[in-house]
Amino acid sequence: MRPLVLASTSRYRRELLERLGLPFVTDKPETDETPFSGETPAATAERLALEKARAVAARYPDALIIGSDQVASVGAERFGKPGTIENAIAQLKAMRGRSIVFHTAVALLDAASGQAAVETVSTEVAFRPLSDAEIIRYVERERPLDCAGSAKSEGLGIALLEHIRGDDPNALIGLPLIALTRLLRQAGVDLP
């Protein structure tokens, strides 16, 4: 099997990829995640997933490289990784009682040929009408500072939600495994 590289240092993406039982290494891509003017959230996620894969390709010339990115949005309003407790609280206040769409893109780049494929999975997440106290308790307890939208659906964040609608529950966590396995099979990787 060809070497497999995850162009990410996200523990969430690493843990998801481990589910496939394939050997892989991780590498940190250096990419500017600023959206382009007029770029849709889904287009931003797709571009960044591919840029992340390309950012590490020179170090792994024979590998298949996986890049992924996620952008949460309501219309033109975007919600990225909050980074601070204050930002997480502000994001959750802005999202309470609303439906947010999480656009999660995955790219598979063949470093040897330069060929790449990208797929995006969108997941709709409806937040309950949360009180300020609920938001503060949640952020203090789970500290979701490194995930887009400030809520971890795989953890206590599930208590903040009314519903989740999408084709792959893994996409919301950060790596759409159904799409990724399709891309890997197309690249000749044997999977069950």
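## Exercises on a predicted model

Gly83 is partly exposed, with 48% relative accessible area. Keep in mind that this is a predicted model. Grab the structure and work through the exercises below.

### Exercise 1: Placing Gly83

Find out where Gly83 sits, and how many Å separate its C-alpha atom from that of Val56.

**Solution.**
- Step 1. Look between strand 4 (77–79) and helix 3 (85–95): Gly83 is in the loop there.
- Step 2. Check its exposure. Partly exposed runs between 20% and 50%, so at 48% Gly83 gets that label.
- Step 3. Now go to Val56, which is 27 residues away along the chain from Gly83. The two C-alpha atoms are separated by 24 Å.

### Exercise 2: A salt bridge in a helix

Which element holds both Arg14 and Glu18, and are these residues buried or partly exposed?

**Solution.**
- Step 1. Both residues belong to helix 1 (residues 11–18). They are four residues apart, which is about one turn of the helix.
- Step 2. Look at the side chains: they meet in a salt bridge, with 3.9 Å from N to O. The cut-off is 4 Å, so this pair counts.
- Step 3. Check exposure. Arg14 has 31% relative accessibility and is partly exposed; Glu18, at 44%, is partly exposed too.

### Exercise 3: Salt bridges elsewhere

How many salt bridges are there, and which parts does the Arg96–Asp132 pair tie together?

**Solution.**
- Step 1. The count is 13 salt bridges.
- Step 2. Zoom in on Arg96 and Asp132, whose closest N and O atoms are 2.5 Å apart in a salt bridge. Arg96 lies in the loop between helix 3 and strand 5 (99–110), while Asp132 is in helix 4 (residues 132–142), so the pair ties together parts that are 36 residues apart in sequence.
- Step 3. Add the exposure: Arg96 is partly exposed at 28%, and Asp132 is partly exposed at 36%.
- Step 4. Try another pair. Arg128 and Glu134 meet in a salt bridge at 3.0 Å, N to O. Arg128 is partly exposed at 23%, and so is Glu134 at 22%.
- Step 5. Finish with a network: Glu33, Lys52 and Asp69 are joined by salt bridges that share partners.

### Exercise 4: The nonpolar cores

Which residues touch the most other members of the largest nonpolar core, and which element gives the largest share of this core?

**Solution.**
- Step 1. The largest nonpolar core has 22 residues, and Ile66, Leu175, Leu180 and Leu184 touch the most other members.
- Step 2. Trace where the residues come from. Elements giving two or more include strand 1 (4–6), strand 3 (64–74) and helix 5 (169–173). Helix 6 gives the largest share, with five residues.
- Step 3. Pick Leu175. Beyond neighbours within four places in sequence, its contacts include Leu16, Leu17, Ile66, Val106 and Leu180.
- Step 4. Look for a second, separate core: it has 19 residues, among them Met95, Val139, Leu145 and Leu161.

### Exercise 5: Positive phi

Arg143 and Ser150 both have positive phi. Is each one buried or partly exposed?

**Solution.**
- Step 1. Locate Arg143 in the loop between helix 4 and strand 7 (161–165). Ser150 lies in the loop between helix 4 and strand 7 as well.
- Step 2. Read the angles. Phi of Arg143 is near 50°, and phi of Ser150 is about 65°. Neither Arg143 nor Ser150 is a glycine.
- Step 3. Compare with the cut-offs: buried means under 20%. Arg143, at 45%, is partly exposed, whereas Ser150, at 0%, is buried.

Methods
Residues are numbered from 1 along each chain as its sequence is written. This is a predicted model: local features need pLDDT of at least 70, side-chain atom pairs count only at pLDDT 80 or more; totals for chains, interfaces and linings use all residues. Side-chain values use heavy atoms; hydrogens and water are left out. Buried means under 20% relative accessible area, exposed over 50%, partly exposed in between (1.4 Å probe, protein chains only). A nonpolar core is a set of buried Ala, Val, Leu, Ile, Met, Phe, Trp, Tyr and Cys residues joined through side-chain atoms within 4.5 Å. Contact means heavy atoms within 4.5 Å.
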